[in-house]
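Opening my notebook on a structure I haven't looked at before. I'll jot down what I look up as I go.

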Amino acid sequence: MPLITYREAIRHALAEELERDKNVVVLGEEVAQFHGAYKVTEGLLEKFGPKRIVDTPISEAGFIGMGVGASMLGIRPVMELMFWSFYSVAFDQILNNAANVRYMSGGLINCPIVIRGPANGGTNVGATHSHTPENVLANHPGVKVVVPSTPYDAKGLLKSAIRDNDPVFFLENTILYGDKGEVPADEYLIPLGLADVKREGSDLTIVTYGRCVLHSLAAAELLQKEHDISVEVVDLRSIRPLDIDTVLASVAKTHRVLIVEEQKPFSSVGSQLAFMIQKEAFDELDGPIHRLTTVDAPAIYSPPVEIEQLPNPQRIIKAALEALQ
Amino acid sequence: MPSPVNKKPSATADAKAADSAQSASPALSAPINQQLTKADKIALFTTMMRIRRFEERSLRAYQAKKIGGFLHLYIGQEAVAVGCCSLMGKNDHVITAYRDHGHAIAVGMGLNEQMAELYGKATGCSKGKGGSMHFFAPDRNYWGGHGIVGGQIPLGTGLAYALKYKGLKGAAMAFMGDGAVNQGAVHEAYNLASLWQLPVIFVIENNGYSMGTSQERSSAGDLGKRAAGYDMAWASCDGHDVYDVRATMDKFLQLAREESKPAVVEIRTYRYRGHSVADPDNTYRPKAEIEEYRKTKDPIQVFQQALVAEGVLTDALIESIDQAARAEAEAAAEFAEASPFPTPDDIQKDVYWEADNPAERKSQGRLFFD
Ligand SMILES: Cc1ncc(C[n+]2csc(CCOP(=O)(O)OP(=O)(O)O)c2C)c(N)n1
Ligand SMILES: [Mg+2]
């Protein structure tokens with residue numbers, strides 16, 4: 001299987017869907033001539049031309065709202081947010097208009113839009129550029145939220161997202177863009193809402209998603225080697241819809257749970273997971289559900305300290321050992 | 001307080017009044033108005049009357065506690081929606097804010113489904129899920145009905161974007177109030193529309209007030225003129241005169257359809273009622289001002305006088321149109337009253353396309369949470 005980067009996997013998904021459906025259009029700041037702030041869309045302008053690959057002004061409320069309106073009339077816009085952090089200036093368009101229009105119209109109007117871009121800390125860009133809004137987004141019924149951790153997942157999930165008739169918010173990660181992984185040359189789709197067990201184990205379930213999957217896998221490796229602890233790592237891949245069944249099956253196997261997420265603790269995705277696990281698998285649990293999050297403060301700039309603010313393999317190992325006590 | 005057309009109209013007296021007050025609308029000579037047949041004119045008048053009677057009936061229903069939430073009446077502004085929407089072709093689209101009943105009637109939505117929506121009934125245009133501020137009829141190119149001031153303007157720009165993308169000759173009319181022009185999203189949309197030459201007309205329904213704040217107290221400078229900063233054409237017209245609305249909008253609609261040019265049109269109008277029915281309307285404008293507008297500028301009265309003078313309307317015809325509009329509004333209230341409410345089971349329908357189309361669902365996992 002070809003080894004390609006996470007960035008290329010996303011690009012290939014875009015290219016294939018642009019090829020397949022002439023109503024798919026890519027819009028965003030710097031996506032065309034500049035090739036994307038993170039080069040995700042490199043080459044697309046040359047291949048598909050300026051009607052399909054469109055540079056927008058720095059005008060998130062305007063162009064995202066425009067995309068929402070266009071989607072109501074049957075266009076399938078894939079909008080790039082240079083950083084998901086900038087969703088705050090388009091909040092009304094995303095969460096009042098995209099999320100609600102189907103409901104408020106009694107199901108008469110659909111909004112098949114995709115908004116994608118990176119949502120992560122860890123790159124020393126400070127608090128304004130390090131938001132992880134998946135919990136905020138997923139709090140809104142009507143939307144779907146996807147956070148891929150590998151090139152394979154990114155490609156298969158993005159293709160499904162573009163074909164979806166509901167608004168899908170696709171949260172990538174700048175640190176993962178250069179990561180390589182095996183991606184089949186043949187077309188494939190991954191359904192939204194299907195978790196993936198990235199490592200099997202028997203002592204502890206780590207439920208996680210996004211870049212924390214990689215940290216969790218690294219931690220699991222060390223826990224096995226140094227502590228003889230067998231960790232199962234469940235990658236949610238999709239936050240909403242949520243594959244809680246795969247999580248519960250793992251809990252039934254290990255009876256111990258650690259949630260790892262690059263979220264601030266208050267009302268995080270993990271809060272919802274913890275609620276659901278205790279509600280639906282209380283008898284399976286041999287101890288309280290543990291959770292490791294970003295340390296609860298705005299993202300710090302200081303490079304060595306930001307590593308400590310975010311989940312990392314060392315912090316995960318510590319949290320895992322606590323969870324197993 | 002009854003609106004002017006509530007009093008029994010006397011065609012002759014009105015014709016005299018029209019004669020003495022001012023001569024026929026200069027806009028009558030515009031080609032788009034010249035081509036109106038007698039029947040077309042009667043239809044325009046009828047739609048305006050139907051809006052007024054619908055709004056009056058819905059106010060009574062609100063007072064009888066049949067309607068919850070907010071109710072923003074369009075009374076006084078009828079010529080704007082009717083004038084604009086009467087120009088719609090197959091590929092023209094409309095989107096507006098929460099004062100949305102007039103546009104809904106003007107695009108041809110039935111009164112029953114609207115009144116039922118106000119009553120929160122399952123037979124409402126949004127199945128009782130949208131309410132007064134959120135009427136939609138995509139089959140009539142009517143995209144709502146939006147509650148966030150200015151939030152619909154990027155959406156309207158997106159409708160225009162879709163038209164251009166698909167190569168369709170049409171235009172989007174994105175309506176907003178005089179208060180909405182100060183929202184950032186509106187300015188972002190202006191820039192995008194002009195930058196990409198999208199066929200959208202931003203229609204400012206300037207009724208002088210955003211809630212209790214007059215235009216002078218909220219906006220610097222001329223509202224329409226802001227378009228010039230974005231290199232867009234703009235104009236201002238008299239929203240009490242349906243002919244003027246049509247003549248002005250027709251020019252810009254043609255430019256939008258034929259040359260994909262955006263524009264801003266400020267339409268001067270006035271609302272007689274409070275901002276919403278919850279507004280006692282006794283602090284921010286003088287009663288005399290409202291009375292002056294009612295007496296001299298009421299759009300239905302103005303048009304009625306013009307049509308009497310043109311020999312299109314007679315006392316008898318006016319009376320029958322009015323009676324029919326009242327009866328239709330009354331029947332709509334009866335329909336709404338008799339309709340069932342949605343059930344608690346309906347709460348989670350119409351959230352996701354996929355959840356409503358399980359046979360075609362591709363995703364897995366839970367979409368809803370307890
Ligand atoms: C973003 C936002 N801010 C405030 C409100 C509350 N609000 C509703 S209508 C309104 C006045 C708007 O006036 P205008 O745009 O002139 O429209 P009109 O009511 O006159 O039709 C206000 C402040 C709102 N709905 N949305
Ligand atoms: Mg106003």
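Note to self: this is a predicted model.

**Cysteines.** I began with sulfur pairs. How many disulfides does the structure hold over all chains? Zero. I checked B:C125: its closest cysteine sulfur is in B:C85, 15 Å away, which is too far for a bond. Then I turned to B:C85, where the closest cysteine sulfur belongs to B:C84, at 6.4 Å. That is also too far, because a disulfide needs the sulfur atoms within 2.5 Å. I looked up exposure too: B:C85 is buried, at 6% relative accessible area, and B:C125 is buried, at 8%.

**A:E29.** Where does A:E29 sit? I found it in the chain A loop between β2 (24-28) and α2 (44-48). A:E29 is buried but has no salt bridge. The nearest side chain of opposite charge is A:R116, 12 Å away. Leaving aside neighbours within four places in sequence, I listed the contacts of A:E29, among them A:T56, A:P57, A:F63, A:E80 and A:M82.

**Helix α8 of chain B.** I tested the length of α8 (residues 184-195). At 1.5 Å a residue, its 12 residues should span 16 Å, and the end C-alpha atoms are 16 Å apart, so the two agree. Which residues of α8(B) are buried? I noted B:A185, B:V186, B:A189, B:Y190, B:L192, B:A193 and B:S194. In chain A, these buried residues pack against α3 (60-72) and α4 (91-104). In chain B, their partners are α7 (152-166), β2 (172-177), β3 (200-206) and β7 (263-268). Last entry: B:Q197 follows α8(B) and has a positive phi, near 50 degrees.

How values were computed:
Residues are numbered from 1 along each chain as its sequence is written. Chains are lettered from A and ligands numbered from 1 in the order in which they are written. This is a predicted model: local features need pLDDT of at least 70, side-chain atom pairs count only at pLDDT 80 or more; totals for chains, interfaces and linings use all residues. Side-chain values use heavy atoms; hydrogens and water are left out. Buried means under 20% relative accessible area, exposed over 50%, partly exposed in between (1.4 Å probe, protein chains only). Helices (H or I, at least four residues) and strands (E, at least two) are DSSP runs, numbered from the N terminus. Lys and Arg count as positive and Asp and Glu as negative; His and the chain ends are not counted. A salt bridge is a side-chain nitrogen of Lys or Arg within 4 Å of a carboxyl oxygen of Asp or Glu. Contact means heavy atoms within 4.5 Å. The expected span of a helix is 1.5 Å times one less than its number of residues.
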